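Here is a short tour for anyone opening this structure for the first time. Take a look at it, then read on.

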Amino acid sequence: MNESVDNYLKGLFALSGKGSGGVTTNALAEKMETKASSVTDMLKKLNDRGLVKHTKYYGTTLTDKGKKQAVSIVRKHRLWEVFLVEKLGFRWDEVHDIAEELEHVDSPELIQRLDEFLGYPKWDPHGDPIPDKLGKMPPAPKVISSTELVENDWARVVAVEDSSSDFLHYLETNKLMLGTEFQVRKIFTYDLSIQIKLKNKIISLSRQAAQNVLVVKI
């Protein structure tokens, strides 16, 4: 039950950043890959615990208590991802499911020592911000999708919108990792795919792939 609560709070937290209103039941059901009726049942339990607030025609929002717990889960998940990549040698496309299990370990002292051991990282292997022990996120650079670049622009990869194993493996195969710098050589009007030049190779990205590669202009 506690793991389910954690997962729902994390799902609500992720969806809360994608709009100005509350999270709809259908959106949360899609995020959690379950039925809307199951979501409704869980939201009632979260409401009883004071973790969420549901407003008719507006949706569900996290209470201060719920947000604090959600941020704590996110912090643990992202710190474990850093540990798995930097200290155990996992690839960035292998760590999500393992971190999903480790995030439920309820030991603030362990997480604080893990943060210290890792040197207080501010970003996880996918470019997502890591909240500090007070729940504060590091200041974010002005990030845009690669589809917002124009020909001859230079950019640096700082995050990915899609953290699925398939997409991360695709990027790794093409050497398009966090920190990689590239120049847009051509944008094709036919399908809006883009051709980019890396240090020693030229590759093409579909519009869908480019939308999921987040960059800062340099």
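## A buried valine to start with

One bit of vocabulary comes first: a residue counts as buried when its relative accessible area is under 20%, and as exposed when that area is over 50%, with partly exposed in between. Keep in mind that what you're looking at is a predicted model.

So, is Val39 buried or exposed? Val39 is buried, because its relative accessible area is 0%. You'll find Val39 in helix H3. Leaving out neighbours within four places in sequence, Val39 is in contact with Tyr8, Thr25, Leu28, Ala29 and Thr34. For a sense of distance, try jumping from Val39 to Ile202: the two are 163 residues apart in sequence, and their C-alpha atoms are 45 Å apart in space.

## The whole protein

Now zoom out. The protein has 8 helices and 8 strands. Its radius of gyration is 19 Å, close to the 17 Å that the globule rule gives for 218 residues, so the protein is as compact as a globular protein of that length. Measure along the principal axes, and the C-alpha trace spans about 55 × 45 × 30 Å.

How much of the protein counts as buried? The figure is 39% of the 218 residues. As for the outside, the protein exposes about 12800 Å², and carbon and sulfur atoms supply 50% of that. There's also plenty of long-range contact to look for: take contacts between residues at least 6 apart in sequence, and 61% of them join residues at least 24 apart.

## Helix H1 and its two partners

Back to the helices. H1 covers residues 2-16 and H3 covers residues 36-48, and the two pack at an angle of about 100° with their axes 11 Å apart. That angle makes H1 roughly perpendicular to H3. On the H1 side, the residues that meet H3 are Ser4, Val5, Tyr8, Leu9 and Leu12, and on the H3 side they are Ser38, Val39, Met42, Leu43 and Leu46. Sorted by class, this contact has 8 nonpolar residues, 2 polar ones and no charged ones. Our buried friend Val39 is one of the H3 residues here.

H1 also packs against helix H4, residues 64-86, at an angle of about 95° and with the axes 9 Å apart. H1 and H4 are therefore roughly perpendicular to each other. Here Val5, Asp6, Leu9, Lys10 and Phe13 of H1 meet Gly66, Lys67, Gln69, Ala70, Val71, Ile73, Val74 and His77 of H4. The class count for this contact is 7 nonpolar, 3 polar and 3 charged residues.

## Leu62, on a strand

Leu62 is found in strand E2, which runs over residues 59-62. With a relative accessible area of 17%, Leu62 is buried. What does Leu62 contact, leaving aside its neighbours within four places in sequence? The list is Leu9, Leu12, Phe13, Leu51, Val52, Lys67 and Ala70. Leu9 turns up in the H1 contact with H3, and Leu9 is also in the H1 contact with H4. Going the other way along the chain, Leu62 and Leu118 are 56 residues apart in sequence and 30 Å apart in space, C-alpha to C-alpha.

## Out in the loops

Several residues worth a click sit in loops. Pro138 is in the loop between H6 and E3, and at 10% relative accessibility Pro138 counts as buried. Not counting residues up to four places away in sequence, Pro138 touches Lys122, Trp123, Pro129 and Ile130. Pro138 and Asp128 are 10 residues apart in sequence and 10.0 Å apart in space, C-alpha to C-alpha.

Tyr120 is found in the loop between helix H6 (108-117) and strand E3 (144-145). Phi of Tyr120 is near 55°, a positive value in a residue other than glycine, and at 46% relative accessibility Tyr120 counts as partly exposed. Lys175 has a positive phi too, near 60°. Look for Lys175 in the loop between helix H7 (165-173) and E5; at 57% relative accessibility, Lys175 counts as exposed. Finally, Asp191 lies in the loop between strand E5 (181-187) and strand E6 (194-197), and at 41% Asp191 counts as partly exposed.

Conventions
Residues are numbered from 1 along each chain as its sequence is written. This is a predicted model: local features need pLDDT of at least 70, side-chain atom pairs count only at pLDDT 80 or more; totals for chains, interfaces and linings use all residues. Side-chain values use heavy atoms; hydrogens and water are left out. Axes are lines fitted to C-alpha atoms, for helices over the stretch in contact, and angles run from 0 to 180 degrees between N-to-C directions. Helices (H or I, at least four residues) and strands (E, at least two) are DSSP runs, numbered from the N terminus. Angles under 35 degrees count as roughly parallel, over 145 as roughly antiparallel, 65 to 115 as roughly perpendicular and the rest as oblique. Contact means heavy atoms within 4.5 Å. Ala, Val, Leu, Ile, Met, Phe, Trp, Tyr, Cys and Pro count as nonpolar, Asp, Glu, Lys and Arg as charged, and the others, Gly among them, as polar. The radius of gyration is taken over C-alpha atoms; the globule rule is 2.2 Å times the number of residues to the power 0.38. Buried means under 20% relative accessible area, exposed over 50%, partly exposed in between (1.4 Å probe, protein chains only). Accessible areas come from the Shrake-Rupley method with a 1.4 Å probe; for residues, only the protein chains shown count as cover.
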